[in-house]
Amino acid sequence: MWAIIEKELKTFFRKKKERNLFFIAMIIWAVTIHSGEKHIYNPYFTAGVLVSFFIPYIFGWIAFNEEKKNKNLLYLLSSPLDIKEVFAGKIIALFIFTIGVEFLIISIGIIINPFAAGIYPTVSDLITLMLTIPIWMTVISAIMGISLMILDNPFIIRIVLFLLIYFFASKGEKIKKIFIISEWYYIIFGILLITGIIYLTPLILNKEKI
């Protein structure tokens with residue numbers, strides 16, 4: 001499974017067009033949201049949650065749909081690894097990648113804020129950005145991965161993901177005020193959900209569907 005994780009991470013960075021556009025947009029967005037003397041919203045949460053939603057949209061798409069399109073998924077499934085290991089390797093790679101992106105978002109904010117509003121992340125922000133958000137992005141990536149493997153029209157999935165990003169763009173801060181998403185039960189529930197999806201994968205998927 002570690003070979004799958006390593007392969008996926010290398011694939012993300014080899015996709016130069018997607019990688020460069022994503023990181024340029026991420027840096028511009030983070031700098032913009034952290035700049036200014038007053039912040040209506042928490043800049044760390046706002047930047048972190050919106051940027052992370054593009055990870056399943058862009059890199060989750062690469063991890064699952066590109067494999068299916070290039071006929072590489074059947075090759076992986078014919079290896080000694082079973083479906084659970086292949087699937088787990090892909091979503092763990094996305095989890096690691098999300099943590100790295102959130103770390104960059106936090107670093108950009110810490111570097112910029114002495115020259116702007118002087119806002120620093122709280123412990124709640126750090127837990128949310130480094131644990132809760134990556135875990136739930138992994139849940140979304142796992143559900144998207146299963147959907148891409150089963151459905152013949154992945155365009156619908158991309159539309160749904162885009163609407164989800166738009167919803168959080170307009171309602172994300174209100175959602176944070178309603179739910180304290182740094183609470184541990186969100187983290188534990190997310191981990192249990194990911195584990196359940198991984199172990200149910202062989203029942204949901206088979207080579208004929210893929």
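This report walks through a predicted model of a protein, from its overall make-up down to a few residues in one helix.

## The big picture

Let's start with the whole chain. The protein has eight helices and zero strands, so if you read along the sequence you get the pattern α-α-α-α-α-α-α-α. Of its 210 residues, 46% count as buried.

How do the contacts spread along the chain? Taking the contacts in the protein with a separation of 6 or more, 84% come from residues 24 or more positions apart.

## Aromatic rings

Next up, the rings. Searching the whole structure turns up 10 aromatic pairs. One of them is made by phenylalanine 22 and phenylalanine 97: their ring centres sit 6.3 Å apart with the planes at 35 degrees, so this pair is tilted. That label fits because stacked planes would have to be under 30 degrees apart and edge-to-face ones over 60.

This pair ties together distant parts of the chain. Phenylalanine 22 belongs to helix H2 (residues 16–34) and phenylalanine 97 to helix H5 (residues 83–112), with the two positions 75 residues apart. Are these residues buried or exposed? Both phenylalanine 22 and phenylalanine 97 are buried. They also belong to one aromatic cluster, formed by Phe12, Phe13, Phe22, Phe23, Phe59 and Phe97.

## Helix H5 meets helix H6

H5 has a helix partner to look at too. Its axis and that of helix H6 (residues 123–150) come within 8 Å and cross at roughly 145 degrees. The crossing of H5 and H6 is right-handed. Sorted by class, the contact of H5 with H6 has 17 nonpolar residues, four polar and one charged.

## Two residues in H5

Threonine 98 is found in helix H5. With 1% relative accessibility, threonine 98 counts as buried, because the cut-off for buried is under 20%. What does the side chain of threonine 98 reach? It reaches the backbone oxygen of leucine 94, at 2.7 Å. Setting aside neighbours within four places in sequence, threonine 98 is in contact with Ser52, Ile55, Pro134 and Met137.

Glutamate 85 lies in H5 as well, but its surroundings read differently on accessibility: glutamate 85 is partly exposed, with a relative accessible area of 30%. The C-alpha atoms of glutamate 85 and threonine 201 are separated by 9.8 Å, although these residues are 116 apart along the chain.

Methods: Residues are numbered from 1 along each chain as its sequence is written. This is a predicted model: local features need pLDDT of at least 70, side-chain atom pairs count only at pLDDT 80 or more; totals for chains, interfaces and linings use all residues. Side-chain values use heavy atoms; hydrogens and water are left out. Rings of Phe, Tyr and Trp (its six-membered ring) pair if their centres lie within 6.5 Å; planes under 30 degrees apart count as stacked, over 60 as edge-to-face and the rest as tilted. Helices (H or I, at least four residues) and strands (E, at least two) are DSSP runs, numbered from the N terminus. Buried means under 20% relative accessible area, exposed over 50%, partly exposed in between (1.4 Å probe, protein chains only). Axes are lines fitted to C-alpha atoms, for helices over the stretch in contact, and angles run from 0 to 180 degrees between N-to-C directions. A crossing is left-handed if the near helix is turned anticlockwise from the far one by less than a right angle, and right-handed if clockwise. Ala, Val, Leu, Ile, Met, Phe, Trp, Tyr, Cys and Pro count as nonpolar, Asp, Glu, Lys and Arg as charged, and the others, Gly among them, as polar. A polar contact is a pair of N or O atoms within 3.5 Å; within protein, one must be able to donate a hydrogen and the other to accept it, and residues adjacent in sequence count only if both atoms are side-chain atoms. Contact means heavy atoms within 4.5 Å.
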